[in-house]
Every structure is written in C-alpha cells, then in structure tokens.
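Reader: Could you take me through one helix pair here, up close? I'd like to know how the two cross and what sits between them, and then how that fits into the rest of the model.

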Amino acid sequence: MTSKSANGRITPARLADGAIHMFESAVCITSLAAIVVLVLVQVFYRYVLSSGILWLNEVVINLMILLVLVGAALATRHAVHTDLRMLLDNTPPRVAAILRVIGVVATIGFLVTMIWSSTTYAWESRRLTATMTGMPLWLVYGIMPFGGVLILYEFLAKLFGGLSGRSVEPS
Amino acid sequence: MIAGLILILLLFVLIMIGVPVYISLGVAGTVGLAVISMGQTFGNPFIAIPQSIYSGIGFFPLLAIPLFIFAGEIMNRSGITDRLVRFSVMLIGRMPASLANANIVASMFFGGITGSAQADTSAIGGVLIPAMEKEGYSKEISVAVTASSSTVGPIIPPSIMMVIYGVSVGTSIGALFIAGLVPGILIGLALIATVLILDRKHKFPRRTGSLPFSEKVAITRDAFWPLGMPLIIVGGILGGVVTPTEAGALAVLYALIFGYLIERSLKVADMPVMLKHTAMLTAAVMMIISCAKILSYVLTIFQLPMMLGSFFQAFSENPIIFLLLVNILLLVIGTFMDGGASVIIMAPILTPIALSYGIDPIHFGVIMVLNLIIGCGTPPLGLCLFIACGIAKLPVEKGAKAILPFIAAEIFILLLVTYIPWLAMALPRYFGFAS
C-alpha cells in the first residue's frame, strides 16, 4: 500500500490511509496466528497433559470476533467479499449508475445501523464481565462497532478512492 | 409469510445489483427488523444485529473454518498443485481423454486438502486449463471440466459448508464429513463418465506414452505428503481422537511441517502473506454467516419456517415428494445465493421439517450441500465457472453452455444420494455416528 497520491506526492490523508491498512493487516495477522497457537496449545494440554485450559476457548472466540470484523474491513479494501457484477456490467451505463447508487445507499444504511446497534449493545453491557476471563463485555462487544467503522471507512475510501488517487493492490 | 417472501426477494434484488452478499443479507434482515419495530412498543429489535453477528462468529466449532482455510493456503503455497496434477495424470494413464479425467481426479484430491471449490478452480485451473488447451481441448470443455470438478471440494472432507450445516442444526460435523465421502467420489466418477460419453463425439486427445516405473515411484512419493493431510483430518475425527476444530489445528501444523521442513518451499516472509490472505477469506465467509443469521432470525419472527412446514405437509406427506420439492428449491437458491448463507438460512427451516418426515439430519445435510454446490458451476452466482472462464478468457455464456452435461451428471448423483440414503449413511453408521 502506497502513501503517495496519484501524482506521487505523500499527503496526510495517504499517510493515514497507509497507517490504517497497516493496522488492519497487523491485527488480522496477529489474531489469526494467536488463534492457531492457542488451539494447538489446547490440543497439547488435552491429549498430552490430560487437562484443559478453561479460559482459553473464551480468548480464542474473542480473537475470532476481532479477526472477522477487522478482516472484513481488509477484505473490503482488497475486494475479497463475494458480489455479483454480471448484471451491472451488462446494463446501460445510466441504469447501472442508478443501481450503483441504490447499492451504495443500502450498504451505508446497513453499516450505520450495525454501528449504532452494536454500540448500544456494548454500552448496555458495560457492567458485565466475561465468565472465565473476567474481561469487560463492553470491550468484547465493542469490537463490533469498531469493525463496522473500519468497514465503512474502507467502503467510503474505495468509493471516493478514484478521486483521491488511492491505490489498492488487488488480492 | 408475505413479509418474509418480500425480504427474500429484496435479498435477491440486492445481490443482482452488485451489493456484496453479506451486505445484502444484512440489509434484508435490517429492513425486516424495521418492520418488526413498527408493531413493537418496547425494546430495541435492532439489538438482534450485534447479537446475531456475535453468535454467528463466536461459536467454537466454527473455528474449524479459518484453520482449514489456513491449512489449505499453506499447502497451496507449498506447491502441492503440481504434485497432485502429476499424480492424477499418472493414475489416469492412457485412459481416453486422459488430461480431462486427470483434472477431475486432481480436483478430488485437492478438495480433500482445501475444502474450497474456488481455491480448487484457481489452483487446478491455473495449471490444467492452459495444459488442456495446449493438448487440443476446446476452451469450453477445459472450463466446463475444471469448474464442475471443483465443486467436489465442498463435499469431500474437510468441508466448510458441512461445518456450517453441523453448527446450524447441531449435528456431528465428523459424521457429516464422513457422510460426504461416498457422494463426493460418486460425483467425481459421474464427471469422468460424462467426459467419456462426450469423448465419443469430440474425440478428445489421449495420451499414448507410458511413464517408467522409477518415475511413477517418484511421483507417488511426491504426492504422499499432500495426501496425508486429509487422512489426518478424517482419521483423527473418525477415530474420535480430535474434534473438527482440533483437526483443523493439526492440519495447520502438518501443513507448516510440510512447507517449511519437508518441501522447504516456503520462506518466513511468506507467513504474514498467508495469514493475511486467510484472514480476509475467513472474514468474507464469516460475515456472510453472521449476516445470514440476522435474516434467519427475522424470518423466524415472521413464522416463515412454520408456514413452509405446513405448506410441505399439506402438499404431500410422502418424504419422496418432500425431498423432490426440497431439491428443486435448493437448486434454485444455490444458483442465486452463496452456499454458506443458504445453509444458515435454510437449514434451521428445512431440517426440522425433514425430521418430521423421518429423514436423518446427516443425510439431509449431505443433500443440502450437494444441491447448493451445484450452483457454484452455474450463473448467475457460479463463482467456479467465473474463475475458470477468467483463466481461459472465455465468455461466461459459452462456459455456461458447455458445463450443462456436467451439471446434469451432478444432478443425477444428487437424485441417487437423495433416494438411496445408504450412499451417504453407510460410513457414518459403520463408524458409529448414526443408528
């Protein structure tokens, strides 16, 4: 991911975009690596030491939530999410433009609703803690609005990317 | 009922106009929640969105999905494709339409390692579509064989769709894995039979040379390690030694040992790339599952499952007719919608009805997955067909026409598996997973 604009100049916006990309990649890489290691540790404890680590499953599940929500933002940047372009590609440009606007409005509408409802959910859980780890639940549920904001950012950046010269390497 | 059907229609419209599948599912679910909120004076129905997302992702058995994807990614980058293709070519030997049949066999092996139809199309197609064209096959046949055989991947264990079904209806994932083995092999054999029938008309190229014994030994030795992975997964689960999630972790360990210590084709710098790619693929699959849960919840509030159940019971009390209707319904859904999302939405609706007809949930799971994977090879959402056409630079319309005989063969096997439950249930019963 470059931090340069279309004319090759490094701008604050490009730098921030690059930093967000690095952050998303680092979170995804670290959380997946941690999941693999922790599940293998659990297998070792269960079959070699004949005991289990009770808090481990809870940690792994929370890492999975983090991986998926932040990974979904990264997948938006790299166009990994499944979509169907056949109809749009074979529709007259004017109709295709109207359909795209409908799609954009629907996407933004859903993401905003998701961010709002999951923020409410996290806020309502602010006095609760996780059973095994004692971790505050607002922190766990807070991953959802956080991920939602990142997905919305990536979607909007992609939407307006052509104007600002954002370059994204295809996956 | 009407509201539920309108939401499903809205979902299809959004998918058709290019909105990502997970967003389309989320929008349809959110509109449903908005309708519910109009008739509700207390509480916040939109809380179902984070609840569904959290429960859709945060379930321990679903961890098998990133682990299987990661294991497949490591094996793929380690260079197993060439080894499996050479092994398949050797097995097929001088059979008519040798390379086309080797393509099908390679996909069956590859499916046992990655469990993903799209990964299979990209990897095997990338090697074999140009090779088939070079040997004299038409682009249409090369695409049709590659795209149709790739769909075997989600049936032969490990299978991501089987994991999703098992989690959705609370059935043993190990039992589902082993139940998919015979139908997967049958689909492979049916595709080979289709190639041989088409060979009578088209006279496909046939290999004439024979490999020296020493080379055959070398090729078999090369294929030994990649083919060991499905044995560990299936063997571990069947032996009751590990759960599917743990089998996924062991598969990752096995793949790492293969890539870094045995084959030594991977570098340390490859690790972040593989992790990042796996994370994105996992997120894409899991977001579809979690957003499908929102819609599934809304459809339950609208009592669609109950009404559909009453409809089936009123239509016929005969399980044969019920299964025929289910096959038609799922084949149509499979062509329009992502397989994972279809399972999340349809499995909780249809499986209880199937149980009321006396159909085993494991058998029903295999029927469901078979129906939905056939859609991977057909437009409008035939991802395998799109990938194969992209590799061959062939218009999708031509690929879609060429794949029809292969789709017919798959539907034939689907009907066999539907009406001869023994084909899916023999192995689970033998290993004590079903009575």
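Author: The crossing of α9(B) and α17(B) is right-handed. This is a predicted model, so take everything below in that light. The two helices, residues 160–169 and residues 339–356 of chain B, pack at an angle of about 35°, and their axes lie 9 Å apart.

What fills the contact? From α9(B) come B:Met161, B:Ile164, B:Tyr165, B:Ser168 and B:Val169. On the α17(B) side they meet B:Gly339, B:Gly340, B:Val343, B:Ile344, B:Ala347, B:Pro348 and B:Thr351. Sorted by class, that contact has eight nonpolar and four polar residues, with no charged ones.

Step back along the chain from α9 and you run into something worth a look. B:Pro158 sits in the loop between α8 (139–150) and α9 of chain B, and a cis peptide bond joins B:Pro157 to B:Pro158, with omega at about 0°. Most peptide bonds are trans, and most residues other than glycine have a negative phi.

On that second point, chain B has a couple of residues to check. B:Ala97, in the loop between α5 (80–92) and α6 (98–114) of chain B, has a positive phi, near 50°. B:Lys393 also has a positive phi, near 55°, and belongs to the loop between α19 (383–392) and α20 (396–402) of chain B. Their surroundings are quite another matter: B:Ala97 is buried, at 0% relative accessible area, whereas B:Lys393 counts as exposed, at 70% relative accessibility.

Now for the chain that holds the helix pair. Chain B has 22 helices and zero strands. Its radius of gyration is 22 Å, close to the 22 Å that the globule rule gives for 435 residues, so chain B is as compact as a globular protein of that length. Along the principal axes, its C-alpha atoms fill a box of roughly 80 × 50 × 45 Å. Buried residues account for 60% of the 435. If you take contacts in chain B between residues at least 6 apart in sequence, 78% of them join residues at least 24 apart. Chain B exposes about 15600 Å², with carbon and sulfur atoms supplying 70% of that area.

And chain A? There you get six helices and zero strands. Of its 171 residues, 48% count as buried. Among chain A contacts between residues at least 6 apart in sequence, 67% join residues at least 24 apart. The accessible surface of chain A comes to about 8600 Å², and 70% of it belongs to carbon and sulfur atoms.

Technical notes: Residues are numbered from 1 along each chain as its sequence is written. Chains are lettered from A and ligands numbered from 1 in the order in which they are written. This is a predicted model: local features need pLDDT of at least 70, side-chain atom pairs count only at pLDDT 80 or more; totals for chains, interfaces and linings use all residues. Side-chain values use heavy atoms; hydrogens and water are left out. Axes are lines fitted to C-alpha atoms, for helices over the stretch in contact, and angles run from 0 to 180 degrees between N-to-C directions. Helices (H or I, at least four residues) and strands (E, at least two) are DSSP runs, numbered from the N terminus. A crossing is left-handed if the near helix is turned anticlockwise from the far one by less than a right angle, and right-handed if clockwise. Contact means heavy atoms within 4.5 Å. Ala, Val, Leu, Ile, Met, Phe, Trp, Tyr, Cys and Pro count as nonpolar, Asp, Glu, Lys and Arg as charged, and the others, Gly among them, as polar. The radius of gyration is taken over C-alpha atoms; the globule rule is 2.2 Å times the number of residues to the power 0.38. Buried means under 20% relative accessible area, exposed over 50%, partly exposed in between (1.4 Å probe, protein chains only). Accessible areas come from the Shrake-Rupley method with a 1.4 Å probe; for residues, only the protein chains shown count as cover.
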